[in-house]
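Student: I have a chain open here and would like to go through how its pieces pack. Can we start with helix contacts?

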Amino acid sequence: MTDLGRYRNIGIFAHVDAGKTTTTERILKLTGKIHKMGEVHDGAATTDFMEQEQERGITIQSAATTTYWKDHRLNIIDTPGHVDFTIEVYRSLKVLDGGVGVFCGSGGVEPQSETNWRYANDSKVARIIFVNKLDRVGADFYNVVGQIKEVLGAKPLIMVIPIGEQENFKGIVDLLTRKSYIWDDSGDPTKFVEGDVPDDLKDKVEQLREEMIETAVEQDEDVMAKYLEGEQPDEATIKRCIRKGTISLAFFPTFCGSAFKNKGVQAVLDGVVDYLPSPTEVPPQPEVDLQGNETGELAHVDASKPLRALAFKIMDDRYGALTFTRIYSGTLNKGMNLLNTFSGKEERVGRIIEMHADSREEIESAQAGDIVALLGMKTVQTGHTLCDPNSPATLEPMVFPDPVISVAIEPKDKATVDKLGVALGKMVKEDPSFHVETDQESGETILKGMGELHLDIKCDILKRTHGVEVVVGKPQVAYRETVTQTISDVYTHKKQSGGSGQFAKIEYTIEPLEAGSGFEFESKVTGGNVPREFWSAVEKGFKVSTEKGVLAEYPCLDFKVTLIDGASHSVDSSAVAFEIASRAAYRQSIPKAGPQLLEPVMHIDTFCPNDNVGDVIGDLSRRRGMIKSQDSTHSGVRIKAEAPLGEMFGYIGDLRSMTSGRGQFSMEFSHYAACPSNISEQIISEFQKRKK
């Protein structure tokens with residue numbers, strides 16, 4: 001049986017271009033997993049194996065790999081930094097026990113690293129910090145540490161400090177051991193000289209070391225009492241205290257270096273092993289019933305317990321659909337039958353594969369704590385639980401955001417229509433934030449996603465991976481509708497046609513709710529005028545109708561229907577009659593309740609040089625943006641704003657033009673807000689033209 005205390009399931013996450021993938025490459029080289037390192041900018045990184053990743057130099061889908069360091073097994077997931085793919089970060093964090101947050105030495109805490117940090121906080125994932133790219137112009141380790149405190153509200157615990165910065169960066173000093181490590185310029189990570197602390201850093205090292213020890217000993221009252229009496233704790237005790245504080249999220253051990261120049265990566269690996277939790281040291285996953293309510297049972301990380309595993313990613317490749325799975329308890333064997341609690345169907349495990357980016361190694365079994373890929377799963381989708389059929393249980397599922405942008409596509413060649421359907425089916429399985437619908441009237445295929453880049457990449461994958469070229473329409477915004485007034489109304493449904501007829505009468509009120517409430521239904525009927533068995537039919541009729549609003553057929557939300565009274569017939573009334581009545585009542589009453597169009601408002605986080613602040617703010621204002629804050633950093637200004645998605649198309653091109661290519665931004669959904677009347681009228685008239 002494998003010692004789970006020597007497992008580390010970790011993710012590497014950060015803002016675009018902070019050096020996550022390069023850091024992963026260096027880790028793989030140092031641990032002997034690869035012999036030749038690939039560079040992201042050459043399109044040759046091991047974990048960036050998609051053509052689209054190699055061309056753009058960004059990570060699109062999280063890649064999993066397994067390697068070893070100092071007798072510890074590391075399951076590493078390299079995640080994307082671009083905001084359109086944060087779904088990958090979210091679902092990776094869900095199955096990880098620890099993480100490495102990578103920050104750029106000159107860029108500091110950038111927009112997307114803030115989002116990822118928030119996701120990690122929500123998932124309660126212990127982290128260490130790696131301040132990368134200290135060889136770059138403008139790099140400043142202490143400035144980045146200050147930003148982590150101010151912007152993220154986190155407590156970095158400095159473990160190493162740099163020797164030199166920018167072009168003079170040559171090594172690090174380990175505060176714990178008071179040893180310096182200086183690398184030569186060969187680029188070989190193993191070619192370094194261990195020595196004493198340079199004279200000019202001695203005072204700084206002693207001061208920061210004392211701060212580190214004071215913070216660490218707070219985790220253990222006995223150690224702290226001895227420390228206050230003047231007894232210095234030994235290295236093992238300090239490490240134990242730091243480990244305890246890291247796992248409880250009290251602070252985050254902070255390292256520095258240059259992954260590209262191969263300096264300082266060993267210290268990060270040591271930090272992963274020394275301070276990040278093993279699978280047995282994180283709280284066990286709560287089990288839920290099929291309605292999503294917690295049962296009080298927990299999936300303890302124990303190979304002898306019944307099997308509990310979560311499918312967190314589906315990836316289609318030349319061997320078939322790979323289901324990336326985190327095993328929480330029990331043991332998984334090849335050929336075993338598993339129950340998918342979502343579909344209620346049993347699945348047979350064809351093959352179990354240990355992944356190394358896009359190459360793989362087949363294994364006979366895996367156990368609690370492992371992250372493996374399974375072949376042969378037919379009905380499993382992201383977030384489904386796989387378990388022992390004799391001991392069924394469901395793990396807490398993943399929640400994914402709704403898409404905010406859509407485009408219509410059609411194949412260039414009519415002969416590839418069937419091929420397109422198959423390809424889209426596979427892509428939807430892989431990415432839960434990507435939806436595909438068919439417009440019933442126009443017959444168009446509609447793709448829905450999280451942003452322009454997200455859908456652009458999907459169309460590219462259709463072309464390259466699946467060989468289907470498509471014509472792409474203009475991006476469309478996912479508007480919503482709601483009501484603004486409370487009204488009371490009545491509707492009677494009567495139909496007589498030989499034999500038993502249909503009869504249902506309902507009296508009801510419709511009232512607006514707070515934004516984000518969705519649809520609510522309540523019955524206040526007394527006296528049995530509408531028998532209780534028909535209440536659910538009334539609710540269903542209204543609920544199904546909300547899929548199409550009355551203004552432009554966008555989903556209608558944030559309102560409540562209260563059934564007050566009605567009438568029924570002993571022979572002619574049925575659930576179907578009451579459902580038909582409530583559907584017709586919806587069409588009759590919503591137009592009277594002050595229907596209003598809502599537009600998605602995005603949270604915009606823009607970074608630009610000082611010289612361009614006026615232009616950028618002016619441009620955001622023209623896009624109906626509301627500026628929320630402006631913060632100066634040593635390298636530019638961060639502007640936080642909210643703006644309607646409909647005004648943000650093409651923003652990245654305009655921002656780059658205004659800032660000579662130096663500006664960057666991230667955008668994520670914030671909330672729905674009322675559409676101005678001029679925009680609303682334009683959208684409704686366009687919809688009516690399409691209907692004709």
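Tutor: Leu-420, Ala-423, Leu-424 and Met-427 of α10 are in contact with Lys-458, Ile-461 and Leu-462 of α11. Contact means heavy atoms within 4.5 Å. Helices (H or I, at least four residues) and strands (E, at least two) are DSSP runs, numbered from the N terminus.

Student: How do the residues of that contact divide into nonpolar, polar and charged?

Tutor: The contact of α10 with α11 has 6 nonpolar, no polar and 1 charged. Ala, Val, Leu, Ile, Met, Phe, Trp, Tyr, Cys and Pro count as nonpolar, Asp, Glu, Lys and Arg as charged, and the others, Gly among them, as polar.

Student: Before going on, what sort of model is this?

Tutor: This is a predicted model, where local features need pLDDT of at least 70 and side-chain atom pairs count only at pLDDT 80 or more, while totals for chains, interfaces and linings use all residues. Residues are numbered from 1 along each chain as its sequence is written, and side-chain values use heavy atoms, with hydrogens and water left out.

Student: OK. At what angle do α10 and α11 pack?

Tutor: Helix α10 (residues 417-430) packs against helix α11 (residues 452-464) at about 130°, and their axes are 11 Å apart. Axes are lines fitted to C-alpha atoms, for helices over the stretch in contact, and angles run from 0 to 180 degrees between N-to-C directions. The two helices are therefore oblique to each other. Angles under 35 degrees count as roughly parallel, over 145 as roughly antiparallel, 65 to 115 as roughly perpendicular and the rest as oblique.

Student: And what about α14 and α15?

Tutor: Helix α14 (residues 613-622) and helix α15 (residues 651-658) pack at about 155°, with axes 10 Å apart. That makes α14 roughly antiparallel to α15. Asp-615, Val-616, Asp-619 and Leu-620 in α14 meet Tyr-651, Leu-655 and Met-658 in α15. The residues of this contact are 5 nonpolar, no polar and 2 charged.

Student: Sheets next. In what order do β31 to β34 lie?

Tutor: The order is β31-β32-β34-β33, in an open sheet of 4 strands with mixed pairing. Two strands pair if DSSP finds at least two bridges between them. β31 (487-495) and β33 (519-523) are at the edges with a single partner strand each, so one side of each has no neighbour in the sheet. The twist from one strand to the next averages 25°.

Student: How many bridges join β33 and β34?

Tutor: β33 pairs with strand β34 (residues 559-567) in the parallel sense over 5 bridges. Thr-562 in β34 is the bridge partner of Glu-522.

Student: Which strands does α12 lie across?

Tutor: Helix α12 (residues 535-545) lies across β32 (502-512), β33 and β34, and runs at about 155° to β33. Helix α13 (residues 575-589) also packs on the sheet, touching β31, β32 and β34, with its direction at about 40° to that of β32.

Student: Different spot: is Ser-365 buried or exposed?

Tutor: Ser-365 counts as partly exposed, at 37% relative accessibility. Buried means under 20% relative accessible area, exposed over 50%, partly exposed in between (1.4 Å probe, protein chains only). Ser-365 is found in strand β21 (residues 365-367). Outside its neighbours within four places in sequence, Ser-365 is in contact with Leu-332, Asn-333 and Ile-352.

Student: And how much of the chain is buried?

Tutor: Buried residues are 55% of the 692 in the chain.
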